[in-house]
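Okay, thanks everyone for coming. I'd like to walk you through one chain today, so let's put it up on the screen.

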Amino acid sequence: MIDLLQAQKDVWQNKIEKGFNTTDIYKEFCLAHEELSEACRAHYKKQDVGEELADAAIYLLALSEMLKIDLEEEIQRKMKRNKNRGYQRVNGVITRVKDA
């Protein structure tokens with residue numbers, strides 16, 4: 001398994017060493033969005049979606065480091081919350097009926 005907190009630090013170090021953006025949070029959000037869009041286009045064209053998803057994940061790791069968020073901890077917390085939520089189909093739409 002990958003240690004996401006260490007990955008955040010590794011991604012951050014690479015950004016510093018390569019001279020990439022380390023201050024403009026909004027730019028990072030835009031770049032992460034673009035990588036997700038590239039993944040969508042790759043899927044549509046039956047190309048390598050994995051590489052594009054990896055790029056998006058790298059931007060999310062960098063954003064997490066910029067914002068001082070332990071992404072691994074947040075993912076674990078959110079997965080637990082989602083697991084405990086209840087859903088049912090209402091008029092053909094999956095609807096949350098119980099919140100954790």
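**A walk along the chain**

Starting at the N terminus, the elements of this chain come in the order α-α-α-α-β-β. That's four helices and two strands in total. One thing to say right away is that this is a predicted model, so please keep that in mind.

Let's get the overall picture first. Along the principal axes, the C-alpha atoms fill a box of roughly 50 × 35 × 30 Å. The radius of gyration is 17 Å, while a compact globule of 100 residues would come out near 13 Å. Of the 100 residues, 23% count as buried. The accessible surface is about 7700 Å², and carbon and sulfur atoms make up 56% of that. As for contacts, take those with a separation of 6 or more: 47% of them join residues 24 or more positions apart.

Okay, on to helix 1. This one covers residues 4–18, which is 15 residues, and it reaches 21 Å from the first C-alpha to the last, close to the 21 Å expected. At its start there's Asp3, with a side-chain oxygen within 3.1 Å of the backbone nitrogen of Leu5. Just after the helix you meet Gly19, with a positive phi of about 80 degrees.

So which residues of helix 1 are buried? They're Leu4, Ala7, Gln8, Val11, Trp12 and Lys15. Looking down the axis, these buried residues fall within an arc of 135 degrees, so they line one face of the helix. Here's the background to that pattern: an α-helix has 3.6 residues a turn, so residues three or four places apart point the same way. And what covers the buried residues of helix 1? Helix 2, helix 3 and helix 4 are among the things that do.

Next up, helix 2. The 20 residues here should span 28 Å at 1.5 Å a residue, and the end C-alpha atoms are 29 Å apart, which agrees. Its N-terminal end is capped by Asp24, where a side-chain oxygen sits 3.2 Å from the backbone nitrogen of Tyr26. After the helix comes Lys46, and its phi is positive, near 60 degrees.

Helix 2 has its own buried set: Glu28, Ala32, Glu35, Ala39 and Ala42. Down the axis they fall within an arc of 75 degrees, so these too line one face of their helix. They pack against helix 1 and helix 3. On the other side of helix 2, the exposed residues are Tyr26, Cys30, His33, Cys40 and Tyr44.

Let me zoom in on two residues of helix 2. First, Glu28, which lies in that helix. Is Glu28 buried or exposed? It's buried, because its relative accessible area is 0%, and the cut-off for buried is under 20%. Which residues does Glu28 touch, leaving aside neighbours within four places in sequence? The contacts are Lys15, Asn21, Tyr59, Ala62, Leu63 and Met66. Lys15 is one you've already met, among the buried residues of helix 1.

The second residue is Arg41, also placed in helix 2. Its relative accessibility is 42%, so Arg41 counts as partly exposed. Along the chain, Glu52 is eleven residues away from Arg41, and their C-alpha atoms are separated by 9.5 Å.

That's my tour, and I'm happy to go back to any part of it.

Key: Residues are numbered from 1 along each chain as its sequence is written. This is a predicted model: local features need pLDDT of at least 70, side-chain atom pairs count only at pLDDT 80 or more; totals for chains, interfaces and linings use all residues. Side-chain values use heavy atoms; hydrogens and water are left out. Buried means under 20% relative accessible area, exposed over 50%, partly exposed in between (1.4 Å probe, protein chains only). Contact means heavy atoms within 4.5 Å. The expected span of a helix is 1.5 Å times one less than its number of residues. The arc is that of the directions from the helix axis to the C-beta atoms. A polar contact is a pair of N or O atoms within 3.5 Å; within protein, one must be able to donate a hydrogen and the other to accept it, and residues adjacent in sequence count only if both atoms are side-chain atoms. The radius of gyration is taken over C-alpha atoms; the globule rule is 2.2 Å times the number of residues to the power 0.38. Accessible areas come from the Shrake-Rupley method with a 1.4 Å probe; for residues, only the protein chains shown count as cover.
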